[in-house]
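Student: I have a model open and would like to talk it through with you. Where shall we begin?

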Amino acid sequence: TGINAEYGGESSTASNTSLLQQLASVVDSNPSGIPLLEAKDLKINDLDFVERQSKKTALLSKLTLSKCLKCTKLPEQFKKMEKLHKAKDAVNALKYTMSDDNLSLMPEFQKRLLVLTKLNYIDENQTIQLKGRVAREINTCEELIATELIFENILTPLSCEEIAAVLSALIFQEKDAEKPILTPSLEKHKLN
């Protein structure tokens with residue numbers, strides 16, 4: 001039987017009811033299950049797909065003939081196999097974590113941790129310190145430089161306009177051939 005659903009004239013409730021009735025009749029006419037369509041029925045010419053489809057069909061026919069389906073302990077054994085596969089997946093994930101592929105970035109990471117420790121952003125146990133918390137809250141510019149400016153009190157003697165100029169330099173970084181004109185206060189605090 002074919003399924004004919006109209007998209008238009010009928011109300012959606014009537015369409016849904018009609019569609020459900022058609023689906024029920026298809027299910028009733030195939031008590032052993034709706035047969036799978038073969039690749040040739042779908043006019044698929046992809047060799048890889050056809051091979052996989054034939055393997056799947058062969059496995060399904062073997063499965064229906066298997067004595068395992070009649071076993072009363074099947075759910076219990078299935079749970080054991082599922083547990084085994086999950087354990088194997090976990091082992092494979094741990095192997096990858098310990099592999100050279102994953103550890104290739106480790107030296108770079110260790111260097112960054114060393115810098116953060118020397119600057120007192122984290123302690124020896126990699127616990128975030130006060131400077132680290134401040135740096136974590138700064139997300140619009142160079143976090144470490146801005147935090148160092150704050151904790152070294154470099155901004156304290158500057159006027160509001162000068163502080164805004166210094167902080168804007170951290171956000172906007174355009175390469176310019178001209179040197180900016182600095183106020184005497186900024187010239188005094190300029191790092192060489």
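Tutor: Let's begin with one tyrosine. Tyr 121 touches Leu 116, Thr 127, Ile 128, Gln 129, Lys 131, Gly 132, Ala 135, Leu 144, Thr 147 and Glu 148, leaving out residues up to four places away in sequence; contact here means heavy atoms within 4.5 Å. This is a predicted model in which local features need pLDDT of at least 70 and side-chain atom pairs count only at pLDDT 80 or more, while totals for chains, interfaces and linings use all residues. Residues are numbered from 1 along each chain as its sequence is written, and side-chain values use heavy atoms, with hydrogens and water left out.

Student: Is Tyr 121 buried or exposed?

Tutor: Tyr 121 lies in the loop between α5 and α6 (130-137). The cut-offs are under 20% relative accessible area for buried, over 50% for exposed and partly exposed in between (1.4 Å probe, protein chains only). Because its relative accessibility is 2%, Tyr 121 counts as buried.

Student: Which residue offers its backbone oxygen to the side chain of Tyr 121?

Tutor: A polar contact is a pair of N or O atoms within 3.5 Å; within protein, one must be able to donate a hydrogen and the other to accept it, and residues adjacent in sequence count only if both atoms are side-chain atoms. The side chain of Tyr 121 makes its approach at 3.2 Å, and the backbone oxygen belongs to Leu 144.

Student: What separates the C-alpha atoms of Tyr 121 and Gly 132?

Tutor: Gly 132 is among the residues that Tyr 121 touches. Along the chain the two are 11 residues apart, yet their C-alpha atoms are separated by 4.2 Å.

Student: Which side chain of opposite charge is nearest to Glu 162?

Tutor: Glu 162 lies in helix α8 (residues 160-171), and is buried yet has no salt bridge. A salt bridge needs a side-chain nitrogen of Lys or Arg within 4 Å of a carboxyl oxygen of Asp or Glu. Beyond its neighbours within four places in sequence, Glu 162 contacts Thr 183, Ser 185 and Leu 186. At 10 Å, the nearest side chain of opposite charge is Lys 188.

Student: How many residues make up the largest nonpolar core?

Tutor: Such a core is a set of buried Ala, Val, Leu, Ile, Met, Phe, Trp, Tyr and Cys residues joined through side-chain atoms within 4.5 Å. Leu 186, a contact of Glu 162, is one of its members, as is Cys 141. The residues in the largest nonpolar core number eight.

Conventions:
Helices (H or I, at least four residues) and strands (E, at least two) are DSSP runs, numbered from the N terminus. Lys and Arg count as positive and Asp and Glu as negative; His and the chain ends are not counted.
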